[in-house]
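Here is a short round of questions and answers on one structure. Look at the sequence and the model first, then read on.

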Number of protein chains: 2
Amino acid sequence: MIDAKHVTITDSEWEVMRAIWTMGQTTSRELIDTMNQLEGWSDSTTKTLLHRLIKKGAVEQTGASRPFTFKPVVGEKESMSAAADDLFDHMCAMRAGSTIAQVIKTRELSKSDIAELQKILAEKAKDAPEMVHCNCLPGKMTCEEDS
Amino acid sequence: MIDAKHVTITDSEWEVMRAIWTMGQTTSRELIDTMNQLEGWSDSTTKTLLHRLIKKGAVEQTGASRPFTFKPVVGEKESMSAAADDLFDHMCAMRAGSTIAQVIKTRELSKSDIAELQKILAEKAKDAPEMVHCNCLPGKMTCEEDS
DNA sequence: ACATTAAGTTTACAACTGTAACTTATCTTT
DNA sequence: AAAGATAAGTTACAGTTGTAAACTTAATGT
C-alpha cells in the first residue's frame, strides 16, 4: 500500500474504493454490478471511475488474460486518515475539539474503539495546552464565541 | 444562523468563510485584503467567491450605502460539524473509530477539549456495542484486517 | 474460423470550481 | 457638477467531476 496522502480521490471515486476495499479484490463485472446495486450507476460510469482510479494509482490491474483483477493500491485506513486530516487542516484549530466531540457523539463506536480513544486521550492530557488558538487569520488569536 | 446542513461550501469558499467567521463581519475591502494576504488571491477572486457565498445564502450583505457589510449566515461550528459528519457518512462505519483516533492523535487539543471528550466517551461507553459492522456493501459485515 | 458476448478504452458533455478580467454604479473630492 | 477612486456585479475560461454513450479488442460457444 502506497502513499494515500498524495492521491486525490473524488467523492464518487471514493464510493468505488469502498467497494474495492471491502471486496479486497474484484473483477470489473463484479464491481459494475455492485455499484449498480449500490448507486444505480450504469456500467460505463463504474468503468470510467475505475479507470481514473487506475490512472491515478489508487487501484491496480493484475492478471494475464481478460477478466482482469483489480485491487487497491492505497489502503483504506490510511486514505480515511488522510481525508480526515485534510478536512481538519482547513478548519479553525480552536474549534477542532468541539467538532471531534460532535463526531464522537453521533457515530456508532464499539467498546474497544472507545477504550482506545480513552487511552489516547489520557496520554494526550498529560501535556495538553491550556487552550488552542484560532489560526484563521494572521494575528487574530481567537474567534467569536461558540456558534 | 440557518441550516448549514443544506448549504454546500466549496474549498476556496471555505477559506473565505473562515475569514468572515473570524472577523465576525467585514467589508469587501477588508476581506479582499485579508484573502490577498492569506492566499495571494486577486481582488476579483475574493469578490467572486463572496458573491457565490451570498447567492447560496451562506453570507448576507447589509447596510444602506456603499461600503456594505458582510456577515455569516451559517455558523462556523455547525458548518464544521456538518462537514465532518458528511465525511464520516461516506466512510466505512467499522473504521470510524480508528479514524477518529488518528485525528485525535495528530490535532492539538486543549485540556478542556480533552476533558469534554472524556466525558462524552464515558457516557457513550455505557451502551456501546461490542463491535460496529462494516456498512460498505450490502450483506458483507466486515472488511479486511487493518491496513 | 466466425459470430456473439463480455471486457476494456475513448470520447463526450454538462455542471461545478478556481481564478480573474472587464464593466457599471456609486462615493468623494475638487 | 465633473473627475477620479472604489465598490459591486458580470462575464470568462480552463480544469475537474459526475455521468454515460460509443467504440475496440479479446474470449467463447458452435
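## Charges and contacts in two chains

B:Asp33 has a relative accessible area of 42%, so B:Asp33 is partly exposed (buried means under 20% relative accessible area, exposed over 50%, partly exposed in between, with a 1.4 Å probe and protein chains only). This is a predicted model, in which local features need pLDDT of at least 70, side-chain atom pairs count only at pLDDT 80 or more, and totals for chains, interfaces and linings use all residues. Residues are numbered from 1 along each chain as its sequence is written, chains are lettered from A and ligands numbered from 1 in the order in which they are written, and side-chain values use heavy atoms, with hydrogens and water left out.

Q: Which residue forms a salt bridge with B:Asp33?
A: A salt bridge is a side-chain nitrogen of Lys or Arg within 4 Å of a carboxyl oxygen of Asp or Glu. Here the closest N and O atoms are 3.0 Å apart. Both partners lie in helix 2 (residues 28-39) of chain B, four residues apart, about one turn of the helix (helices are DSSP runs of H or I, at least four residues, and strands are runs of E, at least two, numbered from the N terminus). The partner of B:Asp33 is B:Arg29.

Q: Why does the pair A:Asp85 and B:Arg107 join two chains?
A: The two side chains form a salt bridge, with the closest N and O atoms 3.4 Å apart. B:Arg107 lies in the loop between helix 5 (96-106) and helix 6 (111-125) of chain B. A:Asp85 lies in helix 4 of chain A, so the pair joins two chains.

Q: Is A:Asp85 buried or exposed?
A: Its partner B:Arg107 has 14% relative accessibility, so B:Arg107 counts as buried. A:Asp85 has 11% relative accessibility. A:Asp85 therefore counts as buried.

Q: How many salt bridges are there between chain A and chain B?
A: The whole structure has 18 salt bridges over all chains. The count between chain A and chain B is six.

Q: What area do chain A and chain B bury between them?
A: The size of an interface is often given as the accessible area lost when the parts come together. Buried area here is the accessible area (1.4 Å probe) that two parts lose on being put together, summed over both. Of this area, 63% is on carbon and sulfur atoms. Chain A and chain B bury about 6,600 Å².

Q: How many residues does chain B give to the contact with chain A?
A: Contact means heavy atoms within 4.5 Å. Chain A gives 69 residues. Chain B gives 69 residues.

Q: Which side chain of opposite charge is nearest to A:Asp113?
A: A:Asp113 lies in helix 6 of chain A. A:Asp113 is buried yet has no salt bridge. Lys and Arg count as positive and Asp and Glu as negative, while His and the chain ends are not counted. The nearest side chain of opposite charge is 9.3 Å away, and it belongs to A:Lys77.

Q: Is B:Thr69 buried or exposed?
A: B:Thr69 is in strand 2 (residues 69-72) of chain B. Not counting residues up to four places away in sequence, B:Thr69 touches several residues, among them B:Gln25 and B:Glu60. Its relative accessible area is 18%, so B:Thr69 is buried.
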